[in-house]
Amino acid sequence: MKQLGQVLVESFGIKEDVLSAALKIQEEKGGRLGRILVQQKKLSEEELLRAVSLQFGLALRLSLPPNPDPFFIDKVPISFLRKFRMMPIVTHDEVFIALSDPSHFQQTDDLQRVLGFEGITICLAPADEILVAINMAYERDSKGAADQVLQDIADDDPEAILSEIEETADLLDDTSDAPVIKLVNLILSQAVRDGASDIHIEPYKDKVKIRKRVDGILYDMITPSKHVQAKLISRVKIMAKMDIAERRLPQDGRIEIRVADKNIDLRVSSLPTAFGERIVMRLLDKSNVLLSLEQLGMAPHDLETLLHLIKAPHGIILVTGPTGSGKTTSLYSALTVLNQPDVNIITVEDPIEYQINGISQMQVNSKIDLTFANGLRTIVRQDPDIILVGEIRDLETAEMAIQAALTGHLVFSTLHTNDAASAVTRLIDMGVEPFLVSSSVNAVMAQRLVRRICGKCKEAYLPSRESLERLNLPPEFHGATLHRGRGCEECLHTGYQGRQGIYELMVFSEQIKSLILSTSDAGQIKRSAIADPVHPMRTLRQDGLRQVLEGQTTLEEVFRVAA
């Protein structure tokens, strides 16, 4: 068998001097030759895989079949397959073992022997592809287990829940026998797999309803009988380090878990109700990649205007909308554009949803009186260029933000209002002087999230003339071909998968600033912004209808979220 270096020189154009330098690094610091060359960007991951397949004479599979048969999960622990990055694949027309590192030949032999696969083809595949396949197989097996677990709980020892408090590193690895622990793990892993943002545990007179919120819509998960309630809620409270003996007062807690390759932070809130404690868990996926401004779905003209606004030397840019409308994601996307070595960016947030290198982030803590206002007061003394305030909730925070903007800082923040123009009314209602609003605020952007049509089951259709007239849609909709999702396994038969924003960007032109000094009427300000000659504002509904015509979402979605 040839050495890897020889294969790389002969078949992949690696120069002898590059190879020698890499071998020297390997001699001094250790490590694999291929990985050193990849780190030096002399070789891509795919080229390395192709070279290894040539070296060992193995077939190469750059992608694996979707939904492989999870026949092996009772015989092989998930930790073994993950550790050695190997996966048995059985479909209706092929059988093979995929692995990412041929040096694990001993473990491959062990796997073949356990499964009775002696003599089966071995293929080389990317480690990421193998991990996805492993996680999918073990997750699929957990789908049907909830009913069995609920049945087991009836016979479970009431004290069993207290016996195992420590969490395993990964919920898919947890093989605990306590049924209630299994049930909680199943609920969490299923919610993560389906991309849920929240899990609700809601007690009623004779049952407990468990629901998940996916893409902004609540769906039922399971409905256990009443006797499960106490154990289930106690288990969640133990995981969140809450007081399980206190059932009369609301409590907050936090859980950190890992499901497959995702690190999840759960914010847990309990609320006493007539039929027991109600639990809501907000899921924050730490492995989520921040979106760039270009990926948010804004119209090209609005995107160009926003990119110009965020580069202003001072002033306030507000993002408004209800809870869960993507305000924080939009602000973080703007901060990543501005995050340069010569700029000092400091934030005060509740909670810190994404951690960004190069930005100092501070968490609000009401227990020690670290409020948005107090945090902002401290931040101003830290010589910042750009400040992010998680939310303007009161007059003190508003006045501090305005003072910072007027003294040469660029301030980003959020408000809870229905549209862009209402932000002016809200600030003045708080007690901020109209002249301070007009002189400090540069722009307000309102936003909502609409569900995107599933790409797998998307289909075109012609809407009826009656429905278009009833909805009072603009002329460009008459005769236009629209799109919708039929519903498939990929989108949980909803016809939608994922979400993106619709936006309403109101730039504070001289015309609007003058108007604010004479009135705080949101309707009048909105009409003026729409008619503005320099930066005419497109309303939330108009931006949503643009996305309907582009085939990204549906009329039902736009009318659901935009009045």
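Leaving out neighbours within four places in sequence, Met-242 is in contact with Lys-237, Gln-251, Asp-252, Gly-253, Val-268 and Ser-270 in this predicted model. Met-242 itself sits in the loop between H10 and S8. With a relative accessible area of 8%, the residue falls under the 20% cut-off, so Met-242 counts as buried. Gln-107 is a different story: its C-alpha is 43 Å from that of Met-242, with the two positions 135 residues apart in sequence.

The elements around that loop belong with an open sheet. Six strands make it up, in the order S7-S6-S5-S10-S9-S8, and the pairing is antiparallel. At the edges stand S7 (217-222) and S8 (251-259); each has a single partner strand, so one side of each is left without a neighbour in the sheet. From one strand to the next, the twist averages 25°. As for S7, its antiparallel pairing with S6 (residues 208-214) runs over 5 bridges. In one of these pairings, Ile-210 has Ile-222 of S7 as its bridge partner.

Two helices go with the sheet. H9 (residues 179-193) packs on it and touches S5 (196-203), S6, S7, S8, S9 (262-273) and S10 (276-285). The direction of H9 makes about 145° with that of S7. H10 (residues 229-239), for its part, lies across S5, S6, S8, S9 and S10, and runs at about 45° to S10.

Further along the chain comes H13 (residues 372-379), whose buried residues are Phe-372, Ala-373, Gly-375, Leu-376 and Ile-379. Looking down the helix axis, these buried residues fall within an arc of 165°, so they line one face of H13. The cover over them includes the strands S12 (345-349), S13 (360-363) and S14 (386-389), along with helix H14 (395-406).

Then there is Ser-440, which lies in H16 (residues 434-440). Its relative accessibility is just 1%, so Ser-440 counts as buried. A polar atom of the Ser-440 side chain lies 2.6 Å from the backbone oxygen of Leu-436. Setting aside residues up to four places away in sequence, Ser-440 touches Gly-315, Ile-316, Ile-402, Ala-405 and Leu-406.

Methods
Residues numbered from 1 in each chain as written. Predicted model: local features only at pLDDT ≥ 70, side-chain atom pairs only at ≥ 80, totals over all residues. Heavy atoms only, no water. Pairing = 2+ DSSP bridges. Helix = DSSP H or I, 4+ residues; strand = E, 2+ residues; numbered from the N terminus. Axes fitted to C-alpha atoms, helices over the stretch in contact; angles between N-to-C directions. Contact = heavy atoms within 4.5 Å. Buried < 20%, exposed > 50% of the residue type's maximum accessible area, 1.4 Å probe, protein only. Arc of directions from axis to C-beta. Polar contact = N/O pair within 3.5 Å; in protein donor to acceptor, adjacent residues only side chain to side chain.
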